[in-house]
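Visitor: Please show me the structure, and then explain the terms used to describe it.

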Amino acid sequence: MNRDQLEGKWKQVKGKFKQKYGNITDNDLTYSEGKFDEMLGNLQEKTGKKREELEKEIAEW
């Protein structure tokens, strides 16, 4: 899945992600144009997961 597809998918699944990881806030899930990588970094810190794991989880939803 390329970056554009992953970002599009993220818009669909971010609510599910918030439910799964209770310590994630709306601010953690929001990103500005071109800042998707930065948001993934924030999620890595909050969840303790590797970037590849997060990308795979998003893609599988």
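Guide: What follows is a short exchange on helix packing and on one side chain.

Guide: This is a predicted model, in which local features need pLDDT of at least 70, side-chain atom pairs count only at pLDDT 80 or more, and totals for chains, interfaces and linings use all residues. Residues are numbered from 1 along each chain as its sequence is written, and side-chain values use heavy atoms, with hydrogens and water left out.

Visitor: Why are α1 and α4 called roughly perpendicular to each other?

Guide: Helix α1 (residues 3–20) and helix α4 (residues 51–60) pack at an angle of about 90 degrees, with axes 8 Å apart. Angles of 65 to 115 degrees count as roughly perpendicular, under 35 as roughly parallel, over 145 as roughly antiparallel and the rest as oblique, and α1 and α4 are therefore roughly perpendicular.

Visitor: What makes α1 and α3 oblique to each other?

Guide: Helix α3 (residues 36–47) packs with α1 at an angle of about 40 degrees, the axes being 12 Å apart, and the two helices are therefore oblique to each other. Contact, meaning heavy atoms within 4.5 Å, involves residues including Trp10 and Phe17 of α1 and Met39 and Leu43 of α3.

Visitor: Which backbone oxygen does the side chain of Thr47 reach, and what makes this a polar contact?

Guide: The side chain of Thr47, a residue of helix α3, reaches the backbone oxygen of Leu43 at 2.8 Å. A polar contact is a pair of N or O atoms within 3.5 Å; within protein, one must be able to donate a hydrogen and the other to accept it, and residues adjacent in sequence count only if both atoms are side-chain atoms.

How values were computed. Axes fitted to C-alpha atoms, helices over the stretch in contact; angles between N-to-C directions. Helix = DSSP H or I, 4+ residues; strand = E, 2+ residues; numbered from the N terminus.
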